Each structure stands twice: as structure tokens, then as C-alpha cells.
Amino acid sequence: MQHDSPFRPNYEGYALLGWILGAIAALVTRSLSSLPPEPFQWMIALSVLMGLWRAPAAWQLWSTHRALRGKALSFVTQAQVQRLAAREPASLWLGYGFVWTPHHAQRAWELLGQDRSAFLPRRTGMGSSWIHGLEGQERPLYQPLAETEGHTLIVGTTGAGKTRCFDLLITQAILREEAVIIIDPKGDRDLRDRAQQACLASGKADRFVYFHPGFPEHSVRLNPLKNFNRGTEIASRIAALIPSETGADPFKAFGQMALNNIVQGLLLVDTQPDLRTLRRYLEGGPEGLVVEAVSAWCGKHHPGFAGERRKMAEKARSPHQLAQALVSFYHAKVQPKQANSDLEGLVSMFQHDRTHYAKMVASLMPVLNMLTSSELGPLLSPTQGGASLEHQVVNSAGIINDAMVAYIGLDSLTDAMVGSAIGSLILADLTAVAGDRYNY
């Protein structure tokens, strides 16, 4: 089969132009001369017939060359997206384009192997717009939703249109009433507004929630430690934020152990762990938690403990002395019959040398300080009091179960360390929710 490259000079167009000029010349000559008209009429007819023969090939080649010069940016409204998505409800509309085949690869190879200046415009923008010219007619492209259950990778340089592509995917997911979670490191106002408008279009504006540490007055309150399958997960999440060169840092290991002891103590007294609570017990000492945890455990497993505790409280001159008295009571009366390893870990930390303890958790405190300071404290620790209590409180499991649309801005350009820490905690929380859904 003979192959004719479409990226050659338009010889058919030159021939068409020649036949048109020949017909015009014959027509002018016949009108200006006294010669018999028949030869000129035959010449005009021949020129017209040859021109008609050459015209389709010349037009096709001209159209191919013109398409290589690219197209202007096209824009779609939300209503158009809804109509296009409704055509194939079981598919995801990706935009306009064509399926890449060996035919297009051959065309691209030919074009890249020759001087393209005659066909391509001077480069003024980003990307290679000539790719659109490899196919004369673009059509709506759809991807079956069943094929989107895995991972989808979208790559492109800055300004190439990745975020606008996300707009398209997010809008359709919202219109399908799916749960959508957008984690945006830098923050994109257009992306946020588009998600909110899609919620309005779906008729459920209250599905949209917005979290951003840079705008606490407009932000919902989000507890990144709300969801977990085991208490040890919380300690691991926070300890992972501690910078370490080797990954086996003894300070990091001690900090994780201290966090786990406090978390287990909080769970013993049916208290939801949050960042500010963990910071308070790490920074100020675990005496108060020891009193609550030992009292709760001994009250369950020792008859008449309430009276004993009342006597110890009357004799104690400080919370520390009360905690010591309760620990002694636990060791003497309850531990031999009903020991609790989680409680004993908390007690061991309480009895640890305070000076050495403060040195060992020193690498952990900066992480907790930056996540609980200023307006960020109430935003990430909604179980406690603080400013903006009227703001909505959400968590990852609730967002997914209620099919909400959450835009989570990390504000990483302003504070990269805090943004990275918040993002890590939220992703860990989402992982715990996914694990719970997978298991049950």
C-alpha cells in the first residue's frame, strides 16, 4: 500500500490554483479576441473538470495543515458538563479528543522528522497544540466508571491545565452525589468555588465543607485523630512527623511510647484523643490522667473503691500526691487480680524521672506546639473549647458516609512545615477510615 505523507507541500493546491487561473485566462481571452469561441469553451470546461478533480485532495491537505496550527482554548459551562455526562451515566466525560492509534503515531513520527516551520505556528504558548491536528475530527471521550476505581495519574507542567481537568472530574463526581475530598497543598480559589457551585447545582449546598488554616473564620473544625482502629495508630501518626535522619532515633521511639501511653489512658476513661489533649499531658505531666485512669480501672474491679478514693483525696495535698496514692493502691490491691498493661504503661511514664522525660520528648513538643497554637488549635482539636465553636465539626468518616464534598487547603506556601504535618495527619486518618471500611 502506498503511503502519502500529509506533511508535504500542497501540490494539489498549486495544481488547483493553476487550473483556476487557466479557466480565467481562457475566459478573458475569449471575451477580448475575435477568435472562434469553441476552443476557449473547451479549455474552460477542461480547467473546471481538472480543478474539481484536484479540489478534494487539496482541501483535505489544506485542512490537515490548518489543524496543525492548533485551536483556541474552548470553555464549557456547568450545564454543558451536566448534559455531556448525562449522555453516558456509567462513564466519565474527559473532554474532547481522539483515541491514539498507530496511524496517529505514524503521522507524529513523520511530522517530527522534518522541518515543521511551514505547518506549525510560532510557539507562543505552552504544550504542543499540533497534536490536535493529527486527527481531523475530535469527539467527546468517555471512560467507564468501573475503570476509575483504581488510581488515575494526571501529569502536566505548570499551567498546562491539570487543575481545570480536576474541575471536570470533581464536578461530575459531585453531580453523581459521591463523596469528594480535595486536598490542595497550595490552595486554588477557582477549584474551591467550582466544587461549591457543583454542590449548588446538585441541589444540596450543605454538602460542601471548607477547611483552611489561613481562613479560620470560614473554616470547619476537623479532628485528624478522630478515626482509628487501634490506639497505637494515633501515636504512630504523630511520631511520623518528628524529623529523624535514621528512622531509629531513640528520642522518636520514646516520644511515640509516651504518646501511646497517654492515648491508652484517654481510651480507658472514654475520652476522644485530640492534639491539644495530648500536648497538655505531655507538656504538663500525666498526673491528672493517671488519677482518672487508675480511678476508672479500680472502680470497675475493686468493691468499695469509692470510699478508699475519698480518703486518699482528703489526705493528698496536690494532684501529684493523689496520683501516687492511687498508683500504690492499684499495685497493692488491684494489679495482682486485674492487671492492665495499658494502665501500667501510663503509670510507668508517671513514675519516670521528670528531667530525663522532658529531654526525651523534646523532639516531639515542637510538632505538637505548631499544630495546637493560635487559631489552629481549635480547628484541629474540636472536642475542646475555643474560638469559633459555632463552626461545623466534621471528620473523615462522616464526610465519606454522608457523601459530603470537602475542600481541604493546607496553605503550604505560607507554612510548608505545618501544611505538610496537617496533610500527613489527614491522609493517615483517611487511611484508617479506608481500612475500617475494608475490614467491615
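The following paragraphs lead the reader through selected helices, loops and residues of this structure. The model is a predicted one, and every value given below is computed from it.

The account begins with helix H1, which covers residues 11-32. With 22 residues at 1.5 Å a residue, H1 should span 32 Å, and its end C-alpha atoms are 31 Å apart, in agreement with that expectation. Within H1, the residues Glu12, Leu16, Gly22, Ala23 and Ala26 are buried. Viewed down the axis of H1, these buried residues fall within an arc of 120°, so they line one face of the helix. Tyr14, Ser31 and Leu32, by contrast, are exposed on the other side of H1. Helix H2 (38-67) is among the elements that cover the buried residues of H1. A general property of helices helps in reading such a pattern: an α-helix has 3.6 residues a turn, so residues three or four places apart point the same way.

Further along the chain is helix H4, in which leucine 111 lies. Leucine 111 has a relative accessibility of 0% and therefore counts as buried. Its C-alpha atom is separated by 11 Å from that of histidine 65, although the two residues are 46 residues apart along the chain.

The loop between helix H4 (102-112) and strand S2 (139-144) contains glutamate 138. Is glutamate 138 buried or exposed? Its relative accessible area is 17%, and the residue is buried because this value is under the 20% limit. The side chain of glutamate 138 makes a polar contact, at 2.7 Å, with the side chain of histidine 132. Leaving aside residues up to four places away in sequence, glutamate 138 touches Lys71, Tyr96, Gly97, Phe98 and His132. Histidine 132 is thus both a partner in the polar contact and one of the residues that glutamate 138 touches.

Another loop, between helix H5 (162-175) and strand S3 (180-184), holds glutamate 177. This residue has a positive phi of about 60° although it is not a glycine. At 40% relative accessibility, glutamate 177 counts as partly exposed.

The next region is that of helices H8 and H9. Before H8, in the loop that joins it to helix H7 (232-239), is aspartate 249. Aspartate 249 counts as partly exposed, since its relative accessibility is 22%. Between aspartate 249 and proline 319 there are 33 Å in space, C-alpha to C-alpha, and the two are 70 residues apart in sequence.

How do the two helices meet? Helix H8 (residues 250-268) and helix H9 (residues 275-284) pack at an angle of about 115°, and their axes are 10 Å apart. The crossing in which H8 passes H9 is right-handed. On the H8 side, the residues involved are Ala258, Leu259, Ile262, Val263 and Leu266, which meet Thr277, Leu278, Tyr281 and Leu282 in H9. The loop between H8 and H9 is the place of aspartate 270. Like glutamate 177, aspartate 270 is a residue other than glycine with a positive phi, here near 60°. Aspartate 270 is exposed, with a relative accessible area of 72%.

Helix H8 also contains asparagine 261. Asparagine 261 counts as buried, because its relative accessibility is 9%. A polar atom of its side chain lies 3.3 Å from the backbone oxygen of glycine 345. Not counting residues up to four places away in sequence, asparagine 261 touches Gly345, Leu346 and Met349.

The last element considered is helix H12 (residues 319-334). Its 16 residues should span 22 Å at 1.5 Å a residue, and its end C-alpha atoms are 21 Å apart, which agrees. The buried residues of H12 are Leu322, Ala323, Leu326, Val327, Phe329, Tyr330 and Val334. They cover an arc of only 160° around the axis, which puts them on the same side of H12. What do the buried residues of H12 pack against? Their partners are helix H10 (287-301), helix H11 (305-315) and helix H13 (341-351).

Definitions and conventions: Residues are numbered from 1 along each chain as its sequence is written. This is a predicted model: local features need pLDDT of at least 70, side-chain atom pairs count only at pLDDT 80 or more; totals for chains, interfaces and linings use all residues. Side-chain values use heavy atoms; hydrogens and water are left out. Helices (H or I, at least four residues) and strands (E, at least two) are DSSP runs, numbered from the N terminus. Buried means under 20% relative accessible area, exposed over 50%, partly exposed in between (1.4 Å probe, protein chains only). A polar contact is a pair of N or O atoms within 3.5 Å; within protein, one must be able to donate a hydrogen and the other to accept it, and residues adjacent in sequence count only if both atoms are side-chain atoms. Contact means heavy atoms within 4.5 Å. The expected span of a helix is 1.5 Å times one less than its number of residues. The arc is that of the directions from the helix axis to the C-beta atoms. Axes are lines fitted to C-alpha atoms, for helices over the stretch in contact, and angles run from 0 to 180 degrees between N-to-C directions. A crossing is left-handed if the near helix is turned anticlockwise from the far one by less than a right angle, and right-handed if clockwise.
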